[in-house]
Each structure stands twice: as structure tokens, then as C-alpha cells.
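Reader: I've got a model open and I'd like to know what stands behind the labels people put on it. Can you walk me through it?

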Amino acid sequence: MKKDKFEEFKKFIEKLEGKIFLIYHFDVDGFCSAVLFQHALREKCKFVFVPSPPALPSFASELRKDIELENPEAIVFVDLQVDPKSDSYSGIKLKTLVMDHHKPPKDFDSKNFLHINTHFFSKKYYPASKLVYDYFTKAGYDLSKYKWVSGVGVIADKGGEEWKDFLDKIYAEKPELKTGDIYGFDCPLGDIGKRLSSAILYYGRTRANSVMDIMLDAENPEELLNSKDLDELNEKMQAKIRQSIESFEDDSESHGILSFCEVKNKRLKSITATILSMKEPNRIFILYSSSGGYVFFSMRHSSGRIDLSDMLKKILKKIPGSRGGGHPGATGGIFKKKHFEKFKNELISYVNKYEGE
Ligand SMILES: [Mn+2]
């Protein structure tokens with residue numbers, strides 16, 4: 001089997017029909033991946049969109065109930081890491097496809113389970129919306145009209161610098177988008193990402209379909225750039241994000257290059273951590289919230305000096321019942337609240353050791 005598993009993908013897609021559960025990472029890249037997937041197959045499949053956080057203990061049981069109720073033909077995960085042999089997924093026997101770019105601990109193929117991950121065939125940082133776009137295009141599905149959706153996902157997931165050539169193709173077709181910092185956030189495609197991420201934050205997981213509908217309906221980037229609704233939401237959320245960043249100054253606790261801060265609005269964790277980390281790339285920001293006896297955290301670090309994904313893997317091994325993962329510069333996860341001090345101390349000693357080297 002070739003590592004890109006493209007032939008297996010093609011076969012899987014050819015056979016796909018009927019009702020499909022499309023489970024996507026609840027961020028802009030995840031949304032864009034799901035939208036592209038549906039545009040490619042909307043003639044023959046009916047999609048049920050399920051937004052997913054990267055880690056939530058109740059999610060698998062929720063999913064099982066939904067499967068029983070809706071009886072889908074297959075399940076597709078985009079921009080998410082799923083282990084079919086894990087306790088939370090065991091018992092789900094449906095045909096499953098995973099298309100992801102989060103660093104997997106191992107490969108997960110089995111009889112009904114196809115796991116495509118960019119880490120198995122590319123050294124590049126490869127956002128999921130680019131992976132979905134590339135595979136469908138290579139398989140002969142015409143997504144050229146929605147190339148810009150992939151561009152939005154690539155930029156929002158901080159992959160713009162890696163994929164300049166791809167973005168240049170979008171700019172060649174749509175020169176009106178080529179203004180500002182064209183591979184970064186301050187450009188029209190970046191603006192769409194910001195607006196969508198505000199809408200995602202505003203509606204939350206329970207009303208995620210409101211955002212999904214806006215995106216599925218958009219035939220071109222102008223519709224999203226000129227939308228008054230998105231504008232209003234964006235203003236509202238940007239004000240809240242500014243507040244959250246201001247309160248970080250008062251509420252945070254620092255140890256060396258590590259800064260911990262509990263956030264009041266749990267939805268703002270990851271965006272606040274991202275913005276703080278862009279301002280101070282050498283620090284590591286851990287923003288967290290707690291509920292139901294669990295701590296949920298987002299961790300960010302932009303300088304690239306420490307690989308957060310490697311660090312987290314080592315630390316979470318020592319914390320029973322914890323889950324998490326992500327990319328070198330951005331991770332998230334969950335553990336029991338009673339382990340908070342241990343989590344903090346493990347991080348401090350890991351970083352101290354690392355800095356000592
Ligand atoms: Mn992603």
C-alpha cells in the first residue's frame with residue numbers, strides 16, 4: 001500500500017452514496033474541509049454535518065446515539081484524529097474514512113477504516129482543507145470553483161507561507177483578492193477566515209449548522225466578504241476577544257516562558273491563546289477552562305523552538321485519563337481537574353529541562 005493511500009481513497013469515494021455522517025473539526029480549516037467534501041459529492045450523497053471538538057469524553061456516546069437514530073451508510077472525519085481501536089470508537093462498525101493532518105501516534109487502517117494522514121506522505125505542513133481539495137481534484141472531481149474555500153482553510157490554519165504557489169493560483173484567477181499580506185491573515189482570504197471564526201465562536205457547537213449553511217451557500221468569496229450578518233458577528237466577537245486578552249494580563253500566572261490563564265468564556269480559549277502567542281512568539285500560552293470535573297486547554301507557541309505536540313505526548317502519558325494532541329505550534333486537550341497541579345508541574349519541569357540543554 002502506498003503511503004498516500006490515494007487509490008484506496010478513490011475506491012472509497014466511488015462507492016460512497018446515501019446518507020453520510022461528516023464529522024469535522026470545529027475550526028475554520030475543519031469547516032472548509034467539510035464544505036469541500038460536500039461540494040464534491042453533493043450529487044450522490046446526503047450529508048449530516050457533525051461538528052466535533054478535538055477531545056470530549058461524551059462525544060463518542062453522543063455519536064453512537066446519532067448513528068442509531070440516523071442510520072448513516074458511512075462516516076467521514078475531516079481534520080480530526082480518530083483511533084478505531086480506542087475505547088471511545090470501539091463498537092462503531094460503519095465504513096469510515098479519516099482525512100487528517102494532525103500528527104498521529106500510529107497508522108490506524110483496518111478492514112472498514114481508511115486513515116489518510118498528510119504525515120505519512122508529506123513533510124510539509126498540510127492543512128486538511130488542502131488535503132481534501134487535492135484528493136478530490138486528483139480523483140477527477142471538479143472543485144476549481146471552490147479553490148478559494150481551500151485557500152481560506154490554508155490561511156486560517158497558518159499554512160499560507162507553506163502553500164504560496166497554491167495561493168498564487170487562486171490570486172491569478174481572482175486578482176481582486178490579492179491585496180494586503182496575501183499569505184498571512186491580513187488579506188481578503190484571511191478576513192473570511194476571521195469572520196468565519198467569529199461566527200463559529202458566536203454560534204458554538206450546538207448551532208454550528210448556522211455557520212455551515214452560510215458557507216455551503218457561498219458561491220464566491222465576495223458573498224462572505226460582503227455579508228452584513230458576518231460583519232456584525234465579527235464586530236461583536238472581536239470586542240469580546242479584546243476583553244479576553246486584556247483580562248489575561250490580570251489573571252495569568254507565569255513560570256519562566258510558560259503562562260497559564262483560566263478564561264471565563266470557554267469558547268475564547270483557543271483564539272485568545274493564538275493571538276497572545278503571535279504577539280509573544282517565545283512564550284508558551286496555556287489557556288484553560290473547567291467544567292464537569294474536567295479541564296479543557298488550548299496551548300500555543302509560535303517561535304517553533306519547542307514542539308508542543310511532542311511535549312504534550314510525553315506529559316499526557318503521565319496523566320491518567322487525559323487526551324490531547326495537535327501541531328507543533330498549537331495543541332489542545334482535556335484531563336481531570338484533580339490532575340491540574342501535576343499537569344502544570346510536568347510542563348514546568350519539561351520546559352526547564354529543555355531550556356537547560
Ligand atoms: Mn486543520
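Author: Sure. This is a predicted model, and a good place to begin is where its domains meet: five residues of domain 1 are in contact with nine residues of domain 2. Sorted by class, the domain 1 side of that contact has two nonpolar, two polar and one charged residues.

Reader: What makes those residues count as "in contact"?

Author: The test is a distance between C-beta atoms, with a cut-off of 7 Å. Five residues of domain 1 and nine of domain 2 meet it across the boundary.

Reader: Where do the two domains run, and how far apart are their centres?

Author: Domain 1 covers 6-180 and domain 2 covers 245-356. Their C-alpha centres lie 26 Å apart.

Reader: How do you know that the chain agrees with a compact globule?

Author: Set the value against the rule. For 357 residues, a compact globule would have a radius of gyration near 21 Å, and the chain has 20 Å, so the two agree. The C-alpha atoms fill a box of roughly 55 × 50 × 40 Å along the principal axes. Of the 357 residues, 41% count as buried. As for contacts between residues at least 6 apart in sequence, 63% of them join residues at least 24 apart.

Reader: Now the residues. Why is Lys5 called buried?

Author: The threshold is 20 or more other C-beta atoms within 10 Å. Lys5 has 22 such neighbours, so it counts as buried. Lys5 sits in the segment before H1, and its phi is near 55°, a positive value in a residue other than glycine.

Reader: And what makes Asp4 partly exposed?

Author: Asp4 has 18 other C-beta atoms within 10 Å. Exposed needs 12 or fewer and buried needs 20 or more, so a count in between is called partly exposed. Asp4 also lies in the segment before helix H1 (6-15). Asp4 and Asp107 are 103 residues apart in sequence, yet 12 Å apart in space, C-alpha to C-alpha.

Reader: Why is Asp79 called buried?

Author: Same cut-off of 20: Asp79 has 30 other C-beta atoms within 10 Å, so it is buried. You'll find Asp79 in the loop between strand E3 (74-78) and strand E4 (95-100). Its phi is positive, about 65°, although Asp79 is not a glycine.

Reader: On to the sheets. What makes E2 and E5 edge strands?

Author: Five strands form an open sheet with parallel pairing, in the order E2-E1-E3-E4-E5. Strand E2 (45-52) and strand E5 (113-117) each pair on one side only, and that makes them the edges. From one strand to the next, the twist averages 15°.

Reader: How do you know that E1 and E3 pair?

Author: Pairing takes at least two bridges. Strand E1 (residues 18-25) and E3 have five, in the parallel sense, with Phe21 standing opposite Ile75 in E3. Helix H4 (residues 128-138) packs on this sheet, touching E3 and E4, and its direction makes about 120° with that of E4.

Reader: What about the mixed sheet: why is one side of E6 and of E10 left without a neighbour?

Author: Six strands form that open sheet, in the order E6-E7-E8-E9-E11-E10. Strand E6 (253-255) and strand E10 (323-326) stand at its edges with a single partner strand each, so one side of each has no neighbour in the sheet. Neighbouring strands here are turned by 15° against each other on average, direction ignored.

Reader: Which strands pair with E11, and by how many bridges?

Author: Seven bridges join strand E9 (residues 294-300) to strand E11 (residues 330-336), running antiparallel; one opposite pair is Arg300 and Ala330. Four bridges join E10 to E11, also antiparallel, and Gly325 has Gly332 as its bridge partner. E10 and E11 form a hairpin with three residues between them.

Reader: Which residues of E10 are on its covered face, and which on the uncovered one?

Author: Gly324 and Gly326 are on the covered face, Arg323 and Gly325 on the uncovered one. In general, side chains in a regular strand alternate between the two faces of the sheet.

Reader: Which helix packs on that sheet?

Author: Helix H13 (residues 340-356), which touches E6, strand E7 (258-262), strand E8 (284-291), E9 and E11. Its direction makes about 160° with that of E7.

Conventions. Residues are numbered from 1 along each chain as its sequence is written. This is a predicted model: local features need pLDDT of at least 70, side-chain atom pairs count only at pLDDT 80 or more; totals for chains, interfaces and linings use all residues. Helices (H or I, at least four residues) and strands (E, at least two) are DSSP runs, numbered from the N terminus. Axes are lines fitted to C-alpha atoms, for helices over the stretch in contact, and angles run from 0 to 180 degrees between N-to-C directions. Two residues are in contact if their C-beta atoms, placed from the backbone, lie within 7 Å. The radius of gyration is taken over C-alpha atoms; the globule rule is 2.2 Å times the number of residues to the power 0.38. Domain bounds come from an automatic or database domain assignment. Ala, Val, Leu, Ile, Met, Phe, Trp, Tyr, Cys and Pro count as nonpolar, Asp, Glu, Lys and Arg as charged, and the others, Gly among them, as polar.
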